[in-house]
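Student: I should like to understand how a protein can hold a small molecule. May we work through one example together?

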Amino acid sequence: MHLTLQQLKLFESVYRNGSFTLAAKELHLTQPAVSIQVKRLEEQVGLPLFELMSKKIFPTSAGKEVYKACQDILGRVAELKGTVEAMKGEVRGPLTLSVVTTAKYFMPTLLGHFLQEYPDVEPKLQFTNRARLVERLANNEDDFVVMGQIPDDMNLETHPFLENILGVVAAPDHPLAKKKQISLRELVNERLIEREQGSGTRLVLDRLLEKNGLKVEPYMELGSSEAIKQAVMAGLGIALLSLHSLRLEQAAGKLVVLDVVGFPLVRRWYAVHLKGKRLSLVASTFLDYILNESGQVLSTERDAT
Ligand code: PGA
């Protein structure tokens, strides 16, 4: 078989995106250029890799096998790039990270400080919810990921770093705002605004309520902490949020953290990758950086604002 890395790269993108058009966009190519290369790959394999049904493409069994091989091959090439850079002893080259949406309140700051020290690092930082992050983790798509709630059914290496403090928040004129020792039962009678299914924050609340024999129908479901803050400030309800996301609104007196029994929940953020993964020099240097420096970097930033 005469396959090229470029063909595998294109195929991988089409497979992951489920679309030739999206793959072309991602790789800054034209759609026909992508189609031709995937066609050549199909000729080499000797079997169709995708089939078209109701205007959607689906991988064939051969396509699924090629995808598995692609991940191995492209993963090894990325590792090789890192190893070669490491042999040169230089912290440079790609750094691919995915982090849960809630971590957007501190990961860019940490990365920014790191890049000042290592300007030749080429970062790619993706924000996505926990469910999608678990998929990326299983497929070994990143150097490592950052999340709050670690899946317990995967073979992982986990590195705890910052505290993640979660509190129930409301608008300052909410009837519960001045109340002390609010019970969980009182909480579920309120209009709760929750994150979407698949969010780590949502998982924490659902598990906690379940443990206490309670259940809640969210009054509203919103797909980001930003949207939730706006809804809470508008008096639409109360919500569980990571306090990382509240700094500005709390300081401006637009949101308050309620005194709920058992809250705030103090949890950790974790850098996570599959067990046995060999990190590139860039990735291991950044990992060491966040494990050792994140508290200091973020408190300096906080003091400066
Ligand atoms: P989320 O994840 O941004 O998907 O809610 C947060 C977490 O893992 O704690």
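Tutor: A cavity is a set of grid points, taken over the protein atoms alone, where a 1.4 Å probe fits but cannot get out. Please keep in mind that this model is predicted.

Student: Which cavity does the space taken by the ligand form?

Tutor: A molecule sits in a cavity if more than half of its atoms lie within 2 Å of the grid points of that cavity. The space taken by the ligand is the largest cavity.

Student: Which residues that surround the ligand are the closest?

Tutor: A residue counts as near the ligand if one of its heavy atoms lies within 4 Å. The ligand is surrounded by 13 residues. The closest of them are T101, T102, Q149, S199 and T201.

Student: How many residues of the shell around the ligand are polar?

Tutor: The shell also contains two nonpolar and two charged residues. The polar residues in the shell number nine.

Student: How much of the accessible area of the ligand does the protein cover?

Tutor: Let us begin with the polar contacts. Oxygen atoms of the ligand lie 3.1 Å from a polar backbone atom of R130, 2.9 Å from one of G200, and 2.8 Å from a polar side-chain atom of Q149. On its own the ligand has 280 Å² of accessible area, and the share covered by the protein is 99%.

Student: What percentage of the residues of the protein count as buried?

Tutor: The protein contains 11 helices and 11 strands. A residue is buried if its relative accessible area is under 20%. Of the 305 residues, the buried share is 43%.

How values were computed:
Residues are numbered from 1 along each chain as its sequence is written. This is a predicted model: local features need pLDDT of at least 70, side-chain atom pairs count only at pLDDT 80 or more; totals for chains, interfaces and linings use all residues. Side-chain values use heavy atoms; hydrogens and water are left out. A polar contact is a pair of N or O atoms within 3.5 Å; within protein, one must be able to donate a hydrogen and the other to accept it, and residues adjacent in sequence count only if both atoms are side-chain atoms. Accessible areas come from the Shrake-Rupley method with a 1.4 Å probe; for residues, only the protein chains shown count as cover. On a 1 Å grid over the protein atoms alone, a cavity is a set of points where a 1.4 Å probe fits but cannot get out, and a pocket is an open set with protein on both sides within 12 Å along at least five of seven lines; lining residues have an atom within 4 Å of a point. Ala, Val, Leu, Ile, Met, Phe, Trp, Tyr, Cys and Pro count as nonpolar, Asp, Glu, Lys and Arg as charged, and the others, Gly among them, as polar. Helices (H or I, at least four residues) and strands (E, at least two) are DSSP runs, numbered from the N terminus. Buried means under 20% relative accessible area, exposed over 50%, partly exposed in between (1.4 Å probe, protein chains only).
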